[in-house]
Amino acid sequence: MFGVYAVVDGGGRVEKMTRVDGKGLWRSWKRNFKTKLLALLDLIDNALDAGIHGLGNGDHNAFVGRVHVYPDVYEVLTGPANVSATTTGLCIVNNCVKKIRPLKKVLEVYNSSKVDSGAGDIGENGVGLKQGCATLSDLSFVLLKNGNNANIELGIVAESLQQEEGCYLPAFQFSNERGGGSPSLRDQMISHFSQPKHADVACCIAQYGAASSGNDPNLGVGVERLCRHFDHICYNFFDDPYMFLVILDKVHHGHSEEYVQNAWDAQQKITVHQLMKDLGKEIPRTYLHIPNSFDFTIGGGKTEFKFWPERLIELASFTLNINAKIPWHQKFGEAQYDANHPDSYELRVFIGFDGMRITDPSADTDPSAGKEGSLYIYSRQSGRLISHHPDARTLLGLSAGGTMFCQGLTVIIDDIGGNLPLNPTKQEVAFGEEGHGATHQENLMAWVGSVVHFFYQFHLGKCQNKKTALTRKIAKFGDIVLQKHRQLKTLDSSCLTTFSLSFKSTGKSIRVEKGSVKELVGTDTLYRLGADRSRTAPKRTRSLASSSANQKKRKATKNDEVQTPIPPTKIPRRRQPVSDREAESEPDGENEETTHKVRQCRQPVLYHEAESESDGEIEEREIESDDEIEEGEIEETRVKDGKIDEDNPNAPAGGQIKNDDEGSDPYTKDFYRDLCDRLTQKTNAQKVLIKSLKQELAKEESLRNSTQQQILALQKKINSLEKLTG
């Protein structure tokens, strides 16, 4: 792949340089991404960098960033009113805040303008555009408009242009000004690429001109298609002066590169639309800080970046000072709290409970999602997702046994300052790049783990430290409340719940001092958990008819009869805030009259027991209402064989023993009924999908068999012809 050769400069000096094998480099680019979707996201990174970096300055306040992703469709008139449309690839077009570097510089290998950009841009290695195109397609075109229509450029990223002698990514400059007697863009390109020295590039453009699988390469058609794309960015895209367009031709199929010849066009269309569909699901979770004004469309549909605010319960924000060089356990409390320390930086952490993941893990875009505490690491100005750990409890120094730190717990690290080093493909944090990388990683996880531990324990305390109760509260939201259309904001512009905290060292970990906690509720934390109010034991008053000498507690006998209690009382149901207790709040001033049974009545109820045969005493019991019982919960009178069971005060009506520990089932019949209905609907949908897939598979197999038979028949003809000619 490499070789050494000599270059003689103007002064006669000989400089040794290492030759790069272009074919070997291309093969390396194709293997850098785990999936095709990640390669596409790398190209989206470049588009967002160009449309976001520099915003906020006074000169660009009116600028609106735009990224449009759409299929590359070739249309041909086949009749007076008939148009044949063929999907040949995928297009990504974006505008830019400022002037773009010339394409010759952009296409240089490992040459990037983002090396010193810090938190502004996502990449910095100069390979994102090249390796993204190489992973998705064998032939890609890069179109650029730099200031005006007279300054346009065309670049080509093609596997066929790579040689063992070196890597070749050519770029050419043209003009698309109309009128004035200047030659048209088509004439310029035809004249330029007809020259013998550009014959290899002309072959690439001719291949693009073939469009459909049954057509031959055509340079004229290829130039016409490129001219249409240039007209789009020069005249039909909001008149932005700086434009960048990437055309991915013949996008690689996600499962197999072996196309059936007569089904290739249909397969390419399916591949492109499936890739756009996957991008539409993944893109809102991939970026945190895309402003609402940003125009991001996929196939013409608007994309909003509010993935986490619309699904996280008790969403809170924490700001931490992370020291990148000094271990946290050394001089604890000095460098850690000093925001002006030269080795420290501020880091934002968002924490909440994922109400959709706890009830339906399949609703998450990540197939590995479960109920365990998950960690997401975002970086740079756009908030690009860099790393995801489905179960980060061990990484954060938390207990990983049982169901502790589960319940859909979600932790988001927001490295908006760009202080975390990234690997070239932005798929992981590269701590090994730093001299104190191990210390940096340890400090980061220790501090983040401390606020995660506090957040979980704080909300677990609302449920009397019962994990099943916490699970029940979060599950009440589910996907019903979270699908309501609310006026949501992005994370960066939201006023979320925060805490005033002080920290202490336990020797092995960092923890929050409980006495220092002060919660500041944010107006944009929409989904909140209500606290379980403590229940006091029912008060009992006794009225004795006989002398007061006998003070011992008397138990009711089996023959005693309970007198009919006071008739049910109608009381207004109190209006609750938006929380786990009520999916929808009632309008102000509206009261709903609800008839409560005896066991739900909040008014004192007297149960008069029959006169005892032994001493003629009459005993009265008053069961006071529990005003702190949460709405929807039931306080039952313990009755056994028609009497109040004082031997077992925990026994509910009917004589069944009530288990208040965490092993009890916290859900109601309605919950399980709704759950069964949802599972049944999903099962039926899956069955329909499986049936359709089986039908498609049968068609594909039939098509494949017929093709193989045709191939065998042709092979026989060839053999017979060879025998005749031989």
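A contact here means heavy atoms within 4.5 Å. With that in hand, take valine 448. Leaving aside residues up to four places away in sequence, valine 448 touches Leu320, Leu347, Val349, Leu396, Val411 and Ile413. This is a predicted model, so every number you hear is computed from it.

First, the overall picture. The protein chain has 726 residues, and 44% of them count as buried. There are 12 helices and 25 strands. Now the contacts with a separation of 6 or more. Residues 24 or more positions apart account for 68% of those. The chain exposes about 37,800 Å². Carbon and sulfur atoms supply 50% of that area.

Back to valine 448 and its surroundings. The largest nonpolar core has 50 residues. Which of them touch the most other members? Phe318, Phe353, Leu396, Leu444 and Val448 do. Several elements each supply at least two residues of this core, among them β11, β12 (344-354), β13 (374-379) and β15 (409-415). Helices α10 and α11 (467-481) are on that list too, as is β18 (510-512). Helix α10 gives the most, with 11 residues. There is also a second, separate core, with 46 residues. That one includes Phe33, Ala134, Val272 and Phe305.

Ala134 takes us to helix α4, residues 128-136. How many of its 9 residues are buried? The count is 9 of 9. Lysine and glutamine are in there as well: Lys130 and Gln131 are both buried.

Next, the aromatics. The count comes to 19 aromatic pairs. One to look at is phenylalanine 318 with phenylalanine 454. Their ring centres are 6.4 Å apart and their planes meet at 85 degrees, so the pair is edge-to-face. The cut-off for that label is over 60 degrees. Phenylalanine 318 lies in strand β11 (residues 312-323) and phenylalanine 454 in helix α10 (residues 437-460), so the pair ties together parts that are 136 residues apart in sequence. Buried or exposed? Both are buried. Ring pairs also link Phe318 and Phe454 with Phe458 and Phe499 into a cluster.

Leucine 501 touches both of those phenylalanines, Phe318 and Phe454. Its other contacts, again beyond four places in sequence, are Val512, Ser516 and Val517. Where is leucine 501? In the loop between β16 (498-500) and β17 (503-505). Its relative accessible area is 18%, and leucine 501 counts as buried, since the cut-off is under 20%. Leucine 501 and valine 517 are 16 residues apart in sequence, yet their C-alpha atoms are 5.2 Å apart in space.

Two charges over rings. The charged end of arginine 66 sits over the ring of phenylalanine 238, 3.6 Å from its centre. Arginine 225 places its charged end over the ring of tyrosine 208, 4.0 Å from the centre.

Last, a sheet. It is open, with 8 strands and mixed pairing. The order is β7-β6-β5-β8-β4-β3-β9-β10. Which strands stand at the edges? They are β7 (171-174) and β10 (301-302). Each has a single partner strand, so one side of each is left without a neighbour in the sheet. At the β10 edge, 2 bridges join β10 to strand β9 (residues 295-298), and the two run antiparallel. Isoleucine 298 stands opposite glycine 301 in β10.

That is the tour. Questions, please.

Notes
Residues numbered from 1 in each chain as written. Predicted model: local features only at pLDDT ≥ 70, side-chain atom pairs only at ≥ 80, totals over all residues. Heavy atoms only, no water. Buried < 20%, exposed > 50% of the residue type's maximum accessible area, 1.4 Å probe, protein only. Helix = DSSP H or I, 4+ residues; strand = E, 2+ residues; numbered from the N terminus. Phe/Tyr/Trp six-rings, centres within 6.5 Å; stacked < 30°, edge-to-face > 60°. Lys NZ or Arg CZ within 6 Å of the ring centre and 35° of its normal. Core = buried A, V, L, I, M, F, W, Y, C linked by side-chain atoms within 4.5 Å. Areas by Shrake-Rupley, 256 points an atom, 1.4 Å probe, with all protein chains shown as cover. Pairing = 2+ DSSP bridges.
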